[in-house]
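Dear colleague,

I am handing over the structure we spoke about, so that you can open it alongside this message. Below it you will find what was found, beginning with the empty space inside and going on to the charged pairs.

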Amino acid sequence: MNFKAYPLQFYPILKERIWGGGKLKTFLHKPIVSNITGESWEISTVNNDVSVISNGEYLEKNLNELLDLYPKEILGIQIYAKFGKQFPLLFKFLDAKLDLSIQVHPNDELAKRRHNSFGKTEMWYVMQADQDAKIIVGFKENSNQQEFIQNLENKTLLNILDTKTVKQGDVFFLETGTIHAIGAGTIIAEIQQTSDITYRVYDFERKDAEGKERELHTDLALEAINYNKVETQKMYFTIENESNKVVDCPFFTTNFIPLNGKMIFQKNENYFRVYMCVDGDFEIICNDVKSKYQKGDSILIPAAMGTFFMTGKASVLEIYIS
C-alpha cells in the first residue's frame, strides 16, 4: 500500500498539573475541561501517550501504527537508519499558572541504564509571559554536590540557582543535567527528546488536592545534575521569510520563521519536519491542497511529502533532526 503524504495533525493529549491553569484554552484554543491543565502534548509516542491523527487519510490512526507501516516515508531515510521505527522527539505546550517544581533530567547514558529510555535534552520558546515572570536555569556560579545538598536541606536552594526574567520570544536550551523550573505566568512551547524522565528535587512544600506533597527524587538527581554554571539563553536573528537557526544540537535543530507572505520548502526524503505555530496563522499548500493553521497548532511533515508552500503572517518554529 502506497503512503499518502500530507501534513499530519494530532489530537492534543491534555494533562492536568498542580501548577496548570486555563490559558491553553483561551490562548491556544485547546479543548481543556479543567482549570488546572498544564500541558498539551502535541506529538508524542511516549508509552500510554501516543498521539492520534486528527485529519486526512489516516484519521484516528495513532502515530506508532503509521510508523509501523511507513517508517521511512514518515521519519525519513536518515532518521530511520538511526532510530528505527521510534519517533525521537516530543512536542508540548505548557501553561504555568504556578511555579513548576525545581527539577533535572538525566542524559542518554544514565536514562538508558536506569530507565531504558532516552535522556531529555529540551528547549523552551516563551510564547507569553506575564510581567516579571521568571524561570530558573542552572546555577549562579559553579557549585558542587555538597553545596547543593546543604542548601536543599536548609531550604535556601534558590540562593544558588540562576533566575531570569523572561518575555515573549525568549529561547532557552537546556542540556541534560541542567537544573531548572518554569515560573508562574508563562506559556511555553517545548521541544525535547522522547522521554518523560524527570527528577523533582524541590516543590516549594506545596500539597495536592488530597493534602499530599508530591514525590521528590533527590537521590536520583544527585548523579544527574551538572553543577557547573551554564549559559542557556539563546540569541537568534529574525529575518522575514527565512529559517533563522535558534538551536542546533545532536538531538534536534530548531529554526524560527517570521512568515510574512510566501515561502517555498523543498523536498527532503532524509528527515521529517515539525512546525509549531507560536503566533498568527498560515496555510500550507501541497499539490494544490490548502490546509489552514493558527497559533497553537503543530504539524508533522512526513519526509516523503513533496515540495510545499507556506503563506500567511505568523511566527513558526521549524524542527528537524539533521
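The largest cavity holds about 60 Å³ of space, in what you should keep in mind is a predicted model. A search of the whole structure for cavities of 30 Å³ or more finds 1. Rolling a probe the size of a water molecule over the atoms shows where empty space is left.

If you would like to find the largest cavity on your screen, its lining includes Gln 266, Lys 267, Asn 268, Tyr 271, Phe 272 and Arg 273, and also Ile 301, Pro 302, Ala 303, Met 305, Gly 306 and Phe 308. By class, the residues of this lining comprise 7 nonpolar, 3 polar and 2 charged.

Turning to the charged pairs, the search of the whole structure finds 19 salt bridges. Side chains of opposite charge can pair when their charged atoms come close. I describe some of these pairs below.

In the salt bridge between Lys 4 and Glu 57, the closest N and O atoms are 4.0 Å apart. This pair links distant parts of the chain, since Lys 4 belongs to the segment before β1 (13–21) and Glu 57 to the loop between β4 (49–50) and α2 (63–69), 53 residues apart. Lys 4 is partly exposed, with a relative accessible area of 47%, whereas Glu 57, at 52%, is exposed.

A salt bridge also joins Arg 17 to Glu 39, with 3.2 Å between the closest N and O atoms. Here too distant parts of the chain are linked, with Arg 17 in strand β1 and Glu 39 in strand β2 (residues 37–43), 22 residues apart. Arg 17 counts as partly exposed at 23% relative accessibility, while Glu 39 is buried, with a relative accessible area of 7%. Both residues also belong to a network of salt bridges that links Arg 17, Glu 39, Lys 92 and Glu 190.

What, finally, does Asp 203 form a salt bridge with? Its partner is Arg 214, and the closest N and O atoms of the two are 2.9 Å apart. Asp 203 and Arg 214 both lie in the loop between β13 (199–202) and α7 (218–224), so the pair ties together parts that are 11 residues apart in sequence. Asp 203 is buried, because its relative accessible area is 4% and buried means under 20%.

With best wishes

Technical notes:
Residues are numbered from 1 along each chain as its sequence is written. This is a predicted model: local features need pLDDT of at least 70, side-chain atom pairs count only at pLDDT 80 or more; totals for chains, interfaces and linings use all residues. Side-chain values use heavy atoms; hydrogens and water are left out. On a 1 Å grid over the protein atoms alone, a cavity is a set of points where a 1.4 Å probe fits but cannot get out, and a pocket is an open set with protein on both sides within 12 Å along at least five of seven lines; lining residues have an atom within 4 Å of a point. Grid points are joined across faces, edges and corners, and a volume is the space filled by probe spheres set on the points. Ala, Val, Leu, Ile, Met, Phe, Trp, Tyr, Cys and Pro count as nonpolar, Asp, Glu, Lys and Arg as charged, and the others, Gly among them, as polar. A salt bridge is a side-chain nitrogen of Lys or Arg within 4 Å of a carboxyl oxygen of Asp or Glu. Helices (H or I, at least four residues) and strands (E, at least two) are DSSP runs, numbered from the N terminus. Buried means under 20% relative accessible area, exposed over 50%, partly exposed in between (1.4 Å probe, protein chains only).
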